[in-house]
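Trainee: Hey, I've got a new structure to go through. Can you walk me through it?
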Amino acid sequence: MTEVAVTDEAIETKRARLAAFFAGARQCIVFMPSYVPFGMVCGVAAVQAGLGEWGALGAAALVFAGSSQAVLTQFLSGGAPLLMAVASGLVVNLRMAVYSAAISQRVSGASRKERVLWAAFLVDQTFILNEARHQRGEHMNHALAFYLGCAMVIWPFWIFTNALGAFAGAKVPASWQLDFTIPLSFVAMVVPMLKTRAHLAAALAGAIAGVALYALPLKTGLIAACVFGTCVGMLVDTFFKRKHEVSL
Amino acid sequence: MSEWGSVNGWLAIAGLAIGTFLIRYSFIGFLAGRRLSPLAERALQLAVPAIFAALVIPLVVMHNGELNWATRYPHAIGMVAAGVYAWWRGGMLIPIIIGMAVMHGVSALR
């Protein structure tokens with residue numbers, strides 16, 4: 001009797017995990033249009049930099065981070081030394097350390113294998129979708145299944161758009177401005193997170209610093225803006241907490 | 001004919017792929033589920049809107065690396081429209097559609 005019950009439970013768990021996987025996949029579909037123009041540009045650029053069509057695919061599949069792929073190919077095309085090209089690409093990806101730190105607080109209890117999976121597919125989109133789901137307070141059972149559902153939509157699609165650029169050199173008409181869906185998708189995710197004055201201050205300060213420091217090389221302005229925005233947010237947080245305490 | 005590219009090219013790809021994985025794995029792997037101090041956790045919560053705002057706003061209001069209100073105000077209005085809807089109702093597909101429609105609409109009107 002007990003065995004039957006256990007099996008039923010196992011089936012139930014499996015079903016819930018599958019449901020989470022497909023929910024993640026479904027919610028990630030809306031990111032797809034934003035991948036098209038940039039993925040193609042990356043594919044074209046990789047071929048022009050001498051990586052070959054298969055190299056373009058390899059970069060898309062193994063690196064899976066468009067801005068750094070673009071920087072790598074840009075430096076290689078310009079005849080920069082190999083190490084410098086790689087290091088520059090890595091600097092562009094430093095923001096992922098922030099995502100890694102934030103997500104590490106959501107995955108306590110994950111095995112090493114699971115942590116490797118969390119890390120492997122950590123990009124802007126998978127991160128912010130997971131974070132938004134967490135902040136909406138949805139129950140986070142099968143969080144990894146949800147996350148992988150998302151990854152299994154956008155990772156192959158990213159490779160596909162790079163392939164379109166590399167093999168066909170295809171381009172979307174610039175007048176469509178499909179790339180504008182990138183900031184729009186992030187706005188849709190982040191705006192509902194701005195629940196406190198501190199969050200709002202952090203976003204405002206980050207935005208201003210992001211524009212002011214845009215000219216810094218290799219997107220390092222992004223990291224500086226993140227630090228600045230966070231500090232401003234913390235100050236506002238402290239200020240309002242203290243005021244609150246005084247009024248008590 | 002498709003090309004495999006140079007050995008150097010693949011070395012560069014491998015270097016960037018491994019290094020990027022290590023960045024992604026950094027805190028996930030080495031904290032291994034340990035909790036940060038409440039202060040650090042609070043800072044991380046605020047770092048998320050800060051970094052995404054710093055990512056998004058230049059994409060909206062800047063053109064070729066410069067603040068260009070004359071060509072980018074339709075994008076700014078589109079972003080605000082998408083943001084207001086997302087604040088009100090959430091979701092992602094509809095805010096994106098609204099943002100694109102408003103941006104193209106304002107561009108066509110000017």
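Trainee: Okay, let's start with chain A: which domains is chain A divided into?
Mentor: One thing up front: this is a predicted model. Chain A splits into domain 1, covering 2-175, and domain 2, covering 194-248.

Trainee: How far apart do the C-alpha centres of domain 1 and domain 2 of chain A lie?
Mentor: Those two centres are 27 Å apart. The domains do meet, though: ten residues of domain 1 of chain A are in contact with seven residues of domain 2 of chain A.

Trainee: And what area is buried between domain 1 and domain 2 of chain A?
Mentor: About 640 Å², and carbon and sulfur atoms give 73% of that.

Trainee: Switching topic. How many helices and strands does chain A have?
Mentor: Twelve helices and zero strands. Written as a pattern along the sequence, chain A reads α-α-α-α-α-α-α-α-α-α-α-α. As for dimensions, the C-alpha atoms of chain A fill a box of roughly 60 × 60 × 35 Å along the principal axes.

Trainee: Can we look at a pair of those helices? At what angle do H8(A) and H9(A) pack?
Mentor: Helix H8 (residues 124-135) and helix H9 (residues 143-168) of chain A pack at about 145 degrees, and their axes are 10 Å apart. Their crossing is right-handed.

Trainee: Which residues make that contact?
Mentor: From H8(A), you have Gln125(A), Thr126(A), Leu129(A), Asn130(A) and Arg133(A). H9(A) brings Ala143(A), Phe146(A), Tyr147(A), Cys150(A), Ala151(A) and Ile154(A). Sorted by class, the contact of H8(A) with H9(A) has seven nonpolar, three polar and one charged residues.

Trainee: Now chain B. How many residues does each chain put into the contact between them?
Mentor: Chain B puts in 73 residues and chain A puts in 89. The area buried between the two chains is about 6,700 Å², with 77% of it from carbon and sulfur atoms.

Trainee: Which three residues supply more of chain B's buried area than any other three?
Mentor: Leu16(B), Arg24(B) and Ile28(B), which supply 12% of the area that chain B buries against chain A.

Trainee: Let's zoom in on H6(A). How does H6(A) pack with H1(B), at what angle and how far apart are the axes?
Mentor: H6 of chain A (residues 95-104) and H1 of chain B (residues 7-31) pack at about 25 degrees, with axes 8 Å apart. That angle makes H6(A) roughly parallel to H1(B). H6(A) passes H1(B) in a right-handed crossing.

Trainee: Which residues meet there?
Mentor: On the H6(A) side they include Met96(A), Ala97(A) and Ser100(A), and on the H1(B) side they include Thr20(B), Arg24(B) and Ile28(B). By class, the residues of this contact of H6(A) with H1(B) divide into nine nonpolar, four polar and one charged.

Trainee: And H2(B), at what angle does H6(A) pack with that one?
Mentor: About 150 degrees for H6(A) and H2 of chain B (residues 38-61), with their axes 10 Å apart. H6(A) passes H2(B) in a left-handed crossing.

Trainee: Who's touching whom there?
Mentor: Arg95(A), Val98(A), Tyr99(A), Ala101(A) and Ala102(A) in H6(A) meet a set in H2(B) made of Leu44(B), Ala47(B), Ile51(B), Phe52(B) and Leu55(B). The contact of H6(A) with H2(B) counts nine nonpolar, no polar and one charged residues.

Note on methods: Residues numbered from 1 in each chain as written. Chains lettered and ligands numbered in written order. Predicted model: local features only at pLDDT ≥ 70, side-chain atom pairs only at ≥ 80, totals over all residues. Heavy atoms only, no water. Axes fitted to C-alpha atoms, helices over the stretch in contact; angles between N-to-C directions. Helix = DSSP H or I, 4+ residues; strand = E, 2+ residues; numbered from the N terminus. Parallel < 35°, antiparallel > 145°, perpendicular 65-115°, else oblique. Left-handed = near helix turned anticlockwise from the far one by under 90°. Contact = heavy atoms within 4.5 Å. Nonpolar A, V, L, I, M, F, W, Y, C, P; charged D, E, K, R; others polar. Domains from an automatic or database assignment. Buried area = accessible area lost by both parts, 1.4 Å probe.
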